[in-house]
Amino acid sequence: MSSQTITADAAGTWKLGDLPVHRLGYGAMRLTGSAAFHHGTPSDRERSLAVLRKAIDLGVNHIDTAAFYFSSLRSANELINSALAPYPDDLVIVTKVGPYRTYDGEWGTSARPEDLRGHVEENLRQLGRDHLDVVNLRRMPKYDSIAEHFGALAELREAGLIRHLGISGVEPRHLAEAQAIAPVVCVQNRYALDRPDPVTDELLRICGEQGIAFVPFYAVAGESGEHGATTAHDEEVRAVARDHGASPAQIRLAWTLHQGPHVLAIPGTGNPDHLAENVAAGAIRLTDEELDRLGAPRQRAGATG
């Protein structure tokens with residue numbers, strides 16, 4: 001089956017609160033340039049618009065973005081608005097607040113609780129929305145507790161500016177802290193096949209037990225992070241990829257989705273062909289033996305870490 005004909009529904013569905021989404025979504029971080037933020041070359045505007053429209057054509061109905069996703073020439077939110085408004089009825093746009101970048105691209109002071117309304121309003125303005133479907137609070141290292149920040153977002157939810165709340169970059173204790181204030185529909189943490197992390201493994205388990213969506217970021221990028229997709233694939237990843245006639249990146253995405261029915265993937269790209277390949281990864285079914293092979297180096301690293 002050609003990757004061009006596989007659509008996002010092949011990955012199955014989950015819900016962000018009361019909003020159903022296909023488990024294979026799209027992350028807008030790479031929409032603005034060859035690497036995230038100011039690290040690469042700004043993207044071609046028409047190509048970025050085409051990627052977004054193709055994502056919708058391929059059945060993607062979950063887009064992850066942020067007001068601080070911009071390069072020297074491009075804004076992810078502005079591109080999403082230009083390409084997709086008026087938005088499809090089933091499209092769920094998830095954004096995040098907390099971190100802040102100045103116009104020249106430098107990271108600014110982390111938001112205080114009273115700053116978050118301004119962050120939400122900026123996302124609303126850029127996206128052309130009267131409310132945001134889901135807002136993730138990205139925990140900032142300088143704040144050990146998220147209670148005040150999450151409480152501020154809960155107030156905006158009560159005011160109707162936000163439909164659902166999530167958290168990002170957290171530990172299990174932060175999830176409990178947030179849930180004491182308002183419902184949490186998703187948790188977004190860094191998580192990848194080649195990145196053992198017992199704390200996030202525990203969070204993944206807790207989310208599964210409670211029916212909360214777990215949304216890894218950098219699942220394909222791995223250790224390359226914001227600089228783009230990794231090329232450092234384990235030999236087992238390459239071998240399984242050959243067996244499936246797939247790319248290593250597709251196998252990394254398939255492995256991610258196999259970590260539980262509540263796990264969503266949001267790979268990002270500015271390349272229409274890579275987009276189709278990412279979506280097609282949702283149709284790859286890995287055997288238990290393949291999952292054991294792929295996970296063995298991770299298990300060994302975790303045991304010796």
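Thr32 touches a run of residues beyond its close sequence neighbours: Thr41, Pro42, Ser43, Tyr69, Phe70, Ser71, Arg74, Ser75 and Ala76. The model is a predicted one. Thr32 itself belongs to no helix or strand here; its place is in the loop between strand E3 (26–27) and helix H1 (45–57). Is this loop residue buried or exposed? Its relative accessible area is 0%, so Thr32 is buried.

Two of the contacts of Thr32, Tyr69 and Phe70, lead on to the aromatic residues. The structure holds 4 aromatic pairs. Take Phe68 and Tyr69. Their ring centres are 5.5 Å apart and their planes stand at 85 degrees, so this pair is edge-to-face. The cut-off behind that label is an angle over 60 degrees between the planes. Both Phe68 and Tyr69 are buried. Ring pairs also bring in Trp107, so that Phe68, Tyr69 and Trp107 are linked into a cluster.

Now add a charge. Which ring lies under the charged end of Arg101, 4.0 Å from the ring centre? The ring is that of Phe70. Arg101 also lies over the face of Trp107, at 5.7 Å from the ring centre. Trp107 is thus met twice: in the ring cluster and under Arg101.

Next comes a peptide bond. In general, most peptide bonds are trans. The bond that joins Ala85 and Pro86 is cis, with omega at about -5 degrees. Pro86 is in the loop between helix H2 (76–84) and strand E5 (92–97).

Move on to strand E7, which spans residues 162–168. His164 lies in this strand. With a relative accessible area of 13%, His164 is buried; the limit for that word is under 20%. Setting aside neighbours within four places in sequence, His164 is in contact with Leu16, Gly17, Asp18, Leu19, Asp133, Val134, Val135 and Val185.

Gly166 has its place in E7 too. How much relative accessible area does Gly166 have? The value is 0%, and Gly166 is therefore buried. Its contacts, again without neighbours within four places, are Val134, Val135, Asn136, Leu137, Phe150, Val184 and Cys186. Val134 and Val135 appear here, and they appear among the contacts of His164 as well. For a sense of scale, look from Gly166 to Arg293. They are 127 residues apart along the chain, and their C-alpha atoms are separated by 33 Å.

Last, a pair of helices. Helix H7 covers residues 235–244 and helix H8 covers residues 248–257. Their axes come within 8 Å and cross at roughly 100 degrees. That makes H7 roughly perpendicular to H8. Which residues meet? From H7 come Val237, Arg238, Val240, Ala241 and His244; from H8 come Pro248, Ile251 and Arg252. These contact residues divide into 5 nonpolar, 1 polar and 2 charged.

Helix H8 also holds Leu257. Leu257 counts as buried because its relative accessibility is 7%. Not counting residues up to four places away in sequence, Leu257 touches Ala11, Arg23, Leu24, Val263, Leu264, Ala265 and Gly282. Asn123 makes a useful reference point. It is 134 residues from Leu257 along the chain, and the C-alpha atoms of the two are separated by 28 Å.

How values were computed. Residues numbered from 1 in each chain as written. Predicted model: local features only at pLDDT ≥ 70, side-chain atom pairs only at ≥ 80, totals over all residues. Heavy atoms only, no water. Axes fitted to C-alpha atoms, helices over the stretch in contact; angles between N-to-C directions. Helix = DSSP H or I, 4+ residues; strand = E, 2+ residues; numbered from the N terminus. Parallel < 35°, antiparallel > 145°, perpendicular 65-115°, else oblique. Contact = heavy atoms within 4.5 Å. Nonpolar A, V, L, I, M, F, W, Y, C, P; charged D, E, K, R; others polar. Phe/Tyr/Trp six-rings, centres within 6.5 Å; stacked < 30°, edge-to-face > 60°. Buried < 20%, exposed > 50% of the residue type's maximum accessible area, 1.4 Å probe, protein only. Lys NZ or Arg CZ within 6 Å of the ring centre and 35° of its normal.
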